[in-house]
Amino acid sequence: MSLSVWNVNAQNATNSPYSQYGYGVLSDGVNGASVAMSGLSQGWREGNMVNYANPASYAGIDSLSFIFDAGVSGLMTNFTENSRRLNANNSSFDYVIGAFRAARRVGVAFGVMPYSNVGYSYDASETIGYDTQSGSSETTSTTTYSGSGGIHQAFVGVGVDVLRLPSTTLSAGVNASYVWGSYTKSVINSYSDAYVNTLSKYYIANITTYKIDASIQLRRRISKKDELTLGATYSFGHDMRSDPLCRIVSYNSQTGVADTTNLHAGRSLMMPSTLALGVVWNRANRWRVGMDWRYEMWGRVDYPTYEVVSDVAAYAMKAGQFSDRHTFIVGGEYVSSEHGRKWAGRLRYRLGARYTTPYLKINGADGPREYGLSLGIGVPIINSYNNRSFVNVSASWTRTEAAGLIRENTFRINIGLTFNERWFAKWQVE
């Protein structure tokens, strides 16, 4: 990977060279308020917020409200390789979610968000020998790596309070998602000697599958002012039964003939199982502090690989391309007066930090680790007909690095609107 010939494409949601591996750069799958706390979510439960990461939380949605939540981000990334540096800017759609109380103790949510993004383009050059046609002392070989695309998910979910006691509430929930998308990754060889044959490889995948997330939340009041909420979510891994393709195009520059070979890996792409656990401590509805642990079982997922064995090209599933991924999150929120009359007292201040181990393996070694910090503010919208909506603004920094490879520093500005309208209130007519 060479920064000196990096190409910036602002139309993609990422410019990361690491998106060429696996399914690309994985999405966090959280809303704007959670982004400000580095993704804290499993123990989070509020009546005016949709927590997609734990569908059991839908049971706590305010019975009088319809909630609409949407968010976008702007990203500024600095790439560093040895002494070379380059900056790139991107924008991304993060999510759009709706939720409402369907019945007593039952909440329903639905929405669309990304699962992963692919977007990169760079060149690598080397000198390979003497150019016999031009008489030049050198022939330069250039390999261009590029890719684009992504995977998306549309979901509908339900959360139910299955047990209610004076100081304890147990909730369960499930999300069912339709997952779709495609990506194309290419490796194209070219030479300064026009008479040398070129070889291009295109890795193409079209994905249509499903995703099921099941969760619980246990809320326990431990004192007059203190409350603990424990949360857990399990996502079921499975075979996506997609047929990834490797298309090889060999071009004979002397005859002008291109020979195309299509290699299929079979119906074989897989989605990993995932377990997430978390806890949030709520102090008098002013302080909310918690931690999450997320375990993604990528080590059990095979991935198609192109290999040439005894002069025979093959594109087949291979184990050992990924590692299990662990994410550790701490974060919290402070609000002076959640339902106070003063606008300034209802501002929500948020902070978080996270650390993520790599799920990728690059040339047999561990891929990039991630370190992140975030902060944000929830600004209430107060007018004559709505005092329950928020604009959530956050800023985050993420450092992505692996030994001997490109280091990325990404600064992200996220803006989300949580529109909370009292659709189901009963109006009294005199």
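**Surface patch, cores and salt bridges of the predicted chain**

Strand 23 is the main contributor to the nonpolar surface patch, giving three residues. Strands here, and helices, are DSSP runs numbered from the N terminus (strands: E, at least two residues; helices: H or I, at least four). The model is predicted: local features need pLDDT of at least 70, side-chain atom pairs count only at pLDDT 80 or more, and totals for chains, interfaces and linings use all residues. Residues are numbered from 1 along each chain as its sequence is written, and side-chain values use heavy atoms, with hydrogens and water left out.

The patch covers about 490 Å². Its members are Val 72, Met 76, Val 393, Phe 411, Ile 413 and Ile 415. Patches consist of residues with over 30% relative accessible area and no salt bridge; nonpolar side chains (Val, Leu, Ile, Met, Phe, Trp, Tyr) are joined within 5 Å, like charges within 9 Å. Strand 2 (66-81) and strand 23 (407-421) each supply at least two residues of the patch. Val 72 belongs to strand 2. Val 72 counts as partly exposed because its relative accessibility is 47%. The classes are buried (under 20% relative accessible area), exposed (over 50%) and partly exposed (in between), with a 1.4 Å probe and protein chains only.

The protein chain contains one helix and 23 strands. Its C-alpha trace spans about 95 × 40 × 40 Å along the principal axes. Of its 430 residues, 49% count as buried. The exposed area of the chain is about 20200 Å², and carbon and sulfur atoms supply 56% of that area. Areas were computed by the Shrake-Rupley method with a 1.4 Å probe; for residues, only the protein chains shown count as cover. Among contacts (heavy atoms within 4.5 Å) with a separation of 6 or more, 67% join residues 24 or more positions apart.

The interior holds a largest nonpolar core of 26 residues. Such a core is a set of buried Ala, Val, Leu, Ile, Met, Phe, Trp, Tyr and Cys residues joined through side-chain atoms within 4.5 Å. The residues with the most contacts inside the largest core are Tyr 23, Tyr 183, Leu 269, Trp 298, Phe 322 and Tyr 359. Strand 4 (106-129), strand 6 (168-191) and strand 7 (198-221) each supply at least two residues of this core. Strand 4 gives the most, with four residues. Apart from this core lies another, of eleven residues, including Val 50, Ile 67, Ala 99 and Ala 109. Beyond its neighbours within four places in sequence, Tyr 359 contacts Tyr 21, Gly 22, Tyr 23, Gly 24, Leu 26, Trp 298, Gln 321, Phe 322, Ser 323 and Arg 325.

Arg 101 lies in strand 3 (residues 84-103). Arg 101 counts as buried because its relative accessibility is 18%. The side chain of Arg 101 reaches two backbone oxygens: that of Ile 61 at 2.7 Å and that of Ala 59 at 3.4 Å. Polar contacts are pairs of N or O atoms within 3.5 Å; within protein, one atom must be able to donate a hydrogen and the other to accept it, and residues adjacent in sequence count only if both atoms are side-chain atoms. Outside the four-place sequence neighbourhood, Arg 101 also contacts Gly 60, Asp 62, Ser 63, Ser 65, Val 106 and Gly 107, among others. Ser 65 and Arg 101 are 36 residues apart in sequence, with C-alpha atoms 7.3 Å apart in space.

Side chains of opposite charge can pair when their charged atoms come close. The structure holds 19 salt bridges, each a side-chain nitrogen of Lys or Arg within 4 Å of a carboxyl oxygen of Asp or Glu. Glu 296 and Arg 325 form one, at 3.1 Å (N to O). This pair links distant parts of the chain, 29 residues apart: Glu 296 is in strand 14 (residues 287-296) and Arg 325 in strand 17 (residues 325-335). Both residues, Glu 296 and Arg 325, are buried. Arg 221 and Glu 227 meet at 3.2 Å (N to O). Arg 221 is partly exposed, with a relative accessible area of 40%, whereas Glu 227 is buried, at 14%. Lys 361 and Asp 366 meet at 3.3 Å (N to O). Lys 361 is partly exposed at 27% relative accessibility, and Asp 366 is partly exposed at 41%. Glu 46, Arg 288, Glu 333, Arg 348 and Arg 350 are joined into one network by salt bridges that share partners.
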